[in-house]
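Ready to practise reading a protein model? Take a look at the sequence and the structure, then work through the exercises at your own pace.

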Amino acid sequence: MTYNAEPVIIAEGLRKVYGEHTAVEEVSLTVHPGEIVGFLGPNGAGKTTTIKMLIGLLKPSAGHARIGGYDIQQEPLQAKRLIGYVPDQPYLPEKLTAREYIRFIGGLYQLDRADAMRRGEELLRLFGLADRGDDLLGGYSHGMRQKAALTGALLHQPQAFFLDEPTVGLDPRSARLIKDILRQVADRGTSVLMSTHILEIAERMCDRVCIINRGRIIAAGTMEELRAGGDGSLEDIFLELTGGAEEAALAEALQ
């Protein structure tokens, strides 16, 4: 796929070292406007660490990250204005209602209050939360909290949208809704980087995938590029590249 616009999300040689342990080593990737990139890897491979460096929550030991042309370390305010982020376990202020949370987020991004509430109401309806918008977030289920976090992250219409395991713990209907919304968000020009363990989701909805293992990107491209003339599933490719094929064969033999 060819993109005319410059990438919104750029990582160049990102490295993160904790003592003698290297969590991420020389990670470089790009995400263009309107593109959904799946960020895949085994547990502990470096996915969350990479995302946190990209959004400015962690300072890299080496390398650079840019969002919309702004260096996340040198120009953090400009870069973070363009970012939406939903972690795998989103923290929400439990003593606020969903509508109070929308007002709070709108104030953080200095949005026009009326416009923020209008868009917030649209998002609450979209996620099926409008009837619970005056309930405290602390009383929400995991799925409802995930949807409230998505509402807050999308309120300012970010140019770069990061999600860390967005469908974990969701029922199939909610997971399908989030998949559909992410596609709509990308179709409006947002760059989306999403980590997930659910390879079927990545195969169906991502324009490209990056596979990270032991802190390094070991493969990146479209499904056609990763197959390189073969016809294997993303699961087959993932297991072969990350050394999980033997474990899968053993599990099958034990059935």
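Below are four exercises, each with a worked solution.

Before you start, note that this is a predicted model, in which local features need pLDDT of at least 70, side-chain atom pairs count only at pLDDT 80 or more, and totals for chains, interfaces and linings use all residues. Residues are numbered from 1 along each chain as its sequence is written, and side-chain values use heavy atoms, with hydrogens and water left out.

**Exercise 1. Describe the chain as a whole.**

Step 1: Start with the helices and strands, which are DSSP runs numbered from the N terminus (helices: H or I, at least four residues; strands: E, at least two). The chain has 10 helices and 10 strands.

Step 2: Turn to the radius of gyration, taken over C-alpha atoms, and to the globule rule, 2.2 Å times the number of residues to the power 0.38. The chain's radius of gyration is 19 Å and the rule gives 18 Å for 255 residues, so the chain is as compact as a globular protein of that length.

Step 3: Ask how much is buried, meaning under 20% relative accessible area, with exposed over 50% and partly exposed in between (1.4 Å probe, protein chains only). Of the 255 residues, 49% count as buried.

**Exercise 2. Work out the order of strands in the open sheet of 4 strands.**

Step 1: Two strands pair if DSSP finds at least two bridges between them. E1 (residues 9-18) and E4 (residues 62-67) pair in the antiparallel sense over 5 bridges, with Ala65 in E4 as the bridge partner of Ala11.

Step 2: E1 and E2 are also antiparallel, over 7 bridges; here Leu14 stands opposite Val27 in E2.

Step 3: E4 pairs with E5 (residues 70-71) over 2 antiparallel bridges. These two strands form a hairpin with 2 residues between them, and Gly68 in the turn has a positive phi of about 60 degrees.

Step 4: Put together, the order is E2-E1-E4-E5. E2 and E5 are the edge strands, each pairing on one side only.

**Exercise 3. Find what the salt bridge between Arg208 and Glu35 ties together.**

Step 1: A salt bridge is a side-chain nitrogen of Lys or Arg within 4 Å of a carboxyl oxygen of Asp or Glu. The side chains of Arg208 and Glu35 meet in one, at 2.5 Å from N to O.

Step 2: Arg208 lies in strand E9 and Glu35 in the loop between E2 and strand E3, so the pair ties together parts that are 173 residues apart in sequence.

Step 3: Check the surroundings: Arg208 and Glu35 are both buried.

**Exercise 4. Explore the surroundings of Arg119, a residue in helix H4 (residues 113-126).**

Step 1: Look for a charged partner, counting Lys and Arg as positive and Asp and Glu as negative, while His and the chain ends are not counted. Arg119 is buried yet has no salt bridge, and the nearest side chain of opposite charge, Glu122, is 4.6 Å away.

Step 2: Look for polar atoms instead. The backbone oxygen of Leu155 lies 3.1 Å from a polar atom of the Arg119 side chain.

Step 3: List the contacts, meaning heavy atoms within 4.5 Å. Not counting residues up to four places away in sequence, Arg119 touches Leu154, Leu155 and Gln157.

Technical notes:
A polar contact is a pair of N or O atoms within 3.5 Å; within protein, one must be able to donate a hydrogen and the other to accept it, and residues adjacent in sequence count only if both atoms are side-chain atoms.
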